[in-house]
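Reader: Hey, got a minute to walk me through this one? I'd like to start with how the strands are arranged.

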Amino acid sequence: VQLQASGGGLVQPGGSLRLSCAASGRTVSDLNVAWFRQAPGKERDFLAAIVWTGRSTYDSDSVKGRFTISRDNARNTVYLQLNSLTPEDTAVYYCAAGGPLIRHLDNYFSWGQGTQVTVSS
């Protein structure tokens, strides 16, 4: 499966963005797809995942109810809605497809190229 992440950009604090992860080669309804992010000098951190059944799970500390993962089977795309953004959310955001250990980096066999999100006034 190939993944293409998009939708990042520059946004002011308190603003919103919707990131997209378009898949090809496999259907997203057959996959576990997650979003991670990596800030400069930091590790790549798990944010959210939606598994093949449609169930979603989040990293509560990072997300704090502000991010929502969803899936559009017709478009073969997984989304991450980002709300109430702060400068601490500035990072490169990656989508990935993998197996059942959804919080673990090693679980993922396909990664999108990443999309930059910058939160600044």
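Reader: So in what order do the 4 strands of the open sheet come?
Author: This is a predicted model, and in it the order is β1-β3-β8-β7, with antiparallel pairing.

Reader: Which are the edge strands?
Author: β1 and β7, each of which pairs on one side only. From one strand to the next, the twist averages 15°.

Reader: How many bridges join β1 to β3?
Author: There are 5, and the two strands run antiparallel. Within that pairing, Q4 sits opposite A22 of β3.

Reader: Back to β1 for a sec: which residues are on the covered face, and which on the uncovered one?
Author: L3 and A5 make up the covered face of β1, while Q2, Q4 and S6 are on the uncovered one.

Reader: And the other edge, how many bridges for β7 and β8?
Author: β7 and β8 pair over 6 bridges, in the antiparallel sense. F67 stands opposite L82 in β8.

Reader: OK, switching to the inside. Which residues have the most contacts in the largest nonpolar core?
Author: W35, F67, V78, L80, L82 and Y93, in a core of 27 residues. Elements giving two or more residues to this core include β1, β3, β7 and β8.

Reader: What is F67 in contact with, leaving aside neighbours within four places in sequence?
Author: Its contacts include L80, L82, L85 and Y93, as well as R37, N83 and D89.

Reader: What other core lies apart from the largest one?
Author: One of 8 residues, among them F36, F46, V51 and A96.

Definitions and conventions. Residues numbered from 1 in each chain as written. Predicted model: local features only at pLDDT ≥ 70, side-chain atom pairs only at ≥ 80, totals over all residues. Heavy atoms only, no water. Core = buried A, V, L, I, M, F, W, Y, C linked by side-chain atoms within 4.5 Å. Buried < 20%, exposed > 50% of the residue type's maximum accessible area, 1.4 Å probe, protein only. Contact = heavy atoms within 4.5 Å. Pairing = 2+ DSSP bridges. Axes fitted to C-alpha atoms, helices over the stretch in contact; angles between N-to-C directions.
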